[in-house]
Amino acid sequence: MDFFFTFFAAFFILLVWIWFSWRPVFPKEFYLSTPMFFGHRGALHRAPENTLSSYKAAIDAGLRAIEMDVVSTKDGKVVCSHNVDLERETDGKGFFNEVEWENLEIVRTGYRSHPNKTDRLYLLEEITNELPENIRLNIEIKSKSILDIQTAMSVGKMITSGKIKQNVIVSSFNPMVIRVVKWIDKNIPTGFIIDQENIHLKWCMYWAHPDCLHPTAEFVDEAFMDFAKKKELAVNVWTVNTKPAIAWLKKRNVH
C-alpha cells in the first residue's frame with residue numbers, strides 16, 4: 001500500500017510540475033516580418049502540393065516562408081506528404097508507413113489535383129537541401145494515432161544534427177508529437193494546431209508545451225489573443241486567403 005501511495009503521489013507531483021512548468025520559447029528570430037505569409041504546402045495551385053516544384057513556385061512568387069507536411073515510410077524515411085495514405089493524391093496504394101521508400105520512387109503525386117503536371121514524391125532531406133537556407137519552414141508532422149511518434153523523432157534529430165539548416169517551427173495536431181520534439185530539444189520551436197476536430201484536446205497544450213498556437217481563423221478573437229499574449233505564445237493562423245480576413249487578423253496582431 002505504501003509503495004502504491006508513494007508511486008501515485010510522485011506521479012501526481014510530476015504531472016503538476018509538467019502542467020505549471022510551461023515556459024514557451026517565443027521564436028522571435030523566426031519571423032522575417034509581422035505578419036509573415038506562408039506558402040501552404042508550397043504554391044499548391046501552381047504545382048502538386050508538397051513537392052519541390054510547389055515550394056519553389058511559392059518562393060518565386062515572393063514568399064519567404066513555407067508550410068510543408070511530412071509522414072514516415074515503413075523504413076523510417078521522412079517524406080513530404082499531406083496525407084498518411086497514398087490514394088488521395090498519388091497513383092500509389094496503401095499507407096506510407098506500410099511501404100518502404102524504394103517502392104515509392106516510381107509513385108507520382110498530383111494525380112488528381114494536377115493530372116497533366118504530376119511530380120514524384122520527395123524526402124524531407126532532399127527538399128531542405130534544395131531550398132535556400134534563409135527560407136523559414138513550418139514542418140507539420142502528420143500522424144495516424146496519438147502514439148505515432150516516429151516522424152517526430154526523425155525530424156527532431158534532423159534538426160539537432162544540422163541536416164535541416166533552415167529556421168523551422170515543428171507543428172502538429174497531435175500533442176504527443178509536440179511533447180516528443182520538446183524532449184529531443186526544448187529549443188526547437190513548436191506549434192500546436194487547433195481546429196474543430198481537436199479542440200477537445202486544447203487542455204493538452206499545458207502538457208505538450210508548444211511555443212506557438214496554430215488555430216484556424218475562426219478561433220481568433222480578443223480572448224484568444226489575450227491568452228496567447230499572457231503566455232508569450234506566437235499565433236500562426238491558417239488558412240487565410242482573402243484580403244478582408246487578412247486585414248482583420250492584422251489588427252489582432254497575429255504573427
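Colleague: What makes asparagine 174 a cap for the N-terminal end of helix 5?

Modeller: This is a predicted model, and in it a side-chain oxygen of asparagine 174 lies 2.9 Å from the backbone nitrogen of methionine 176. The cut-off for a polar contact is 3.5 Å, so 2.9 Å qualifies.

Colleague: Why is helix 5 called mostly covered?

Modeller: Helix 5 spans residues 175-184, and 8 of its 10 residues are buried. The buried ones are Pro175, Met176, Val177, Ile178, Arg179, Val180, Val181 and Lys182.

Colleague: How do you know that helix 4 and helix 5 meet, and which residues do so?

Modeller: Contact requires heavy atoms within 4.5 Å. By that rule Ala152, Met153, Gly156, Lys157 and Thr160 of helix 4 meet Val177, Val180, Val181 and Ile184 of helix 5. Sorted by class, this contact has 6 nonpolar, 2 polar and 1 charged residues. The axes of the two helices come within 9 Å and cross at roughly 35°, and the crossing is right-handed.

Colleague: Why is histidine 209 called buried?

Modeller: Its relative accessible area is 11%. Buried means under 20%, so histidine 209 is buried. This residue is found in the loop between helix 6 (205-208) and strand 9 (212-215).

Colleague: What does the side chain of histidine 209 reach?

Modeller: The backbone oxygen of tyrosine 206, at 3.0 Å. With the limit for a polar contact at 3.5 Å, that pair falls inside it. Beyond its neighbours within four places in sequence, histidine 209 touches residues including Ile178, Arg179 and Lys182, which are among the buried residues of helix 5.

Colleague: And isoleucine 127 in helix 3: buried or exposed?

Modeller: Buried, because its relative accessibility is 0% and the threshold is 20%. Leaving aside neighbours within four places in sequence, its contacts are Thr51, Leu52, Tyr55, Met68, Cys80 and Tyr122.

Colleague: How do you know that cysteine 80 has no bond to the closest cysteine sulfur?

Modeller: That sulfur belongs to cysteine 212 and is 20 Å away. A disulfide needs sulfur atoms within 2.5 Å, so the distance is too far for a bond. Cysteine 212 is in no disulfide either; the nearest cysteine sulfur to it, that of cysteine 204, is 18 Å away. The structure holds 0 disulfides.

Colleague: Why are cysteine 80 and cysteine 212 counted as buried?

Modeller: Cysteine 80 has a relative accessible area of 2%, and cysteine 212 has a relative accessibility of 0%. The limit is under 20%, so cysteine 80 is buried and so is cysteine 212.

Definitions and conventions
Residues numbered from 1 in each chain as written. Predicted model: local features only at pLDDT ≥ 70, side-chain atom pairs only at ≥ 80, totals over all residues. Heavy atoms only, no water. Helix = DSSP H or I, 4+ residues; strand = E, 2+ residues; numbered from the N terminus. Buried < 20%, exposed > 50% of the residue type's maximum accessible area, 1.4 Å probe, protein only. Polar contact = N/O pair within 3.5 Å; in protein donor to acceptor, adjacent residues only side chain to side chain. Axes fitted to C-alpha atoms, helices over the stretch in contact; angles between N-to-C directions. Left-handed = near helix turned anticlockwise from the far one by under 90°. Nonpolar A, V, L, I, M, F, W, Y, C, P; charged D, E, K, R; others polar.
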